[in-house]
Amino acid sequence: MKTLKRIYERYKNLDKKKRTYLFTVLAVLIVMTWAFMSAVMITGKYSRDQLKGSADEQKVDAIGIIITETKEGSKYFEIYGETGNYSNDHSIATLHNVIGNFYKDGNVAMSFQSSKGTYDEKTGVITLYENTYIVLEDSTSLNTDKLIWSGSDKETVAEGNVVIKKNNEMVATAEKGFISAGYENFKIAGKTTTKLYERKGKTE
């Protein structure tokens, strides 16, 4: 009980921005933990449905798909889908009701959720479609129709109805947005609008 009380006291002393980010990360981690417990890496429970067509292709449907990428001991991303399927050669995974994280230096740098996502094993590209929402480490949030992640050393691209919010200081809309490789900065392009708000207790 004393330990819980100390943790609660520390949480209360955090500023609003840190509390918001901590809550978001904890929520994603809780769901990811549950996902790992209920799914097997890349596979999960699956059933094969034969698709009748000219090529007589085979589709593999799965429940509880988790995909991670780790290089030289460093995790780059983890993505979980409640349901999904693989292409006949297993090179492309399509996931539904997606959540996940992108990492930098071993820490979560960007968390996301989306209605649909794909992972291309050959190119390493993750694409999120429909109702895509992400949160950066500094609590900046972004909504978009489509998000394309092509690697930790490349910009992440947002396309369509981009809305960026930074705490209570700024709201920007754009046709397209770009998040830097380090997940620290962003820029917008196309038809854009930006609104800046006065910080509480400060003047612009």
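## A tour from the core outward

In this predicted model, begin by selecting Ile-67, Phe-77, Ile-79, Phe-102, Ile-126 and Ile-134, which are the residues with the most contacts inside the largest nonpolar core, a set of 28 residues. Next, colour the elements that give two or more residues to this core, namely strand E2 (58–71), E3, E4, strand E5 (107–120), strand E6 (125–136), strand E7 (141–149), strand E8 (156–166) and strand E9 (170–179).

Now switch to a cartoon of the whole chain, where two helices and 11 strands can be picked out; if you follow the chain along its sequence, the pattern reads α-α-β-β-β-β-β-β-β-β-β-β-β. Of the contacts in the chain with a separation of 6 or more, 36% are accounted for by residues 24 or more positions apart.

From there, select His-90, which has its place in the loop between strand E3 (74–86) and strand E4 (92–104). Is His-90 buried or exposed? Its relative accessibility is 37%, and because buried means under 20% and exposed means over 50%, His-90 counts as partly exposed. Add Asp-120 to the selection and draw the C-alpha to C-alpha distance, which is 9.2 Å for this pair, although His-90 and Asp-120 are 30 residues apart in sequence.

Finally, turn on a surface for the full chain, which exposes about 12,600 Å², with carbon and sulfur atoms supplying 52% of that area. To set this beside the interior, colour by burial: of the 204 residues of the chain, 35% count as buried.

Terms used:
Residues numbered from 1 in each chain as written. Predicted model: local features only at pLDDT ≥ 70, side-chain atom pairs only at ≥ 80, totals over all residues. Heavy atoms only, no water. Helix = DSSP H or I, 4+ residues; strand = E, 2+ residues; numbered from the N terminus. Buried < 20%, exposed > 50% of the residue type's maximum accessible area, 1.4 Å probe, protein only. Core = buried A, V, L, I, M, F, W, Y, C linked by side-chain atoms within 4.5 Å. Contact = heavy atoms within 4.5 Å. Areas by Shrake-Rupley, 256 points an atom, 1.4 Å probe, with all protein chains shown as cover.
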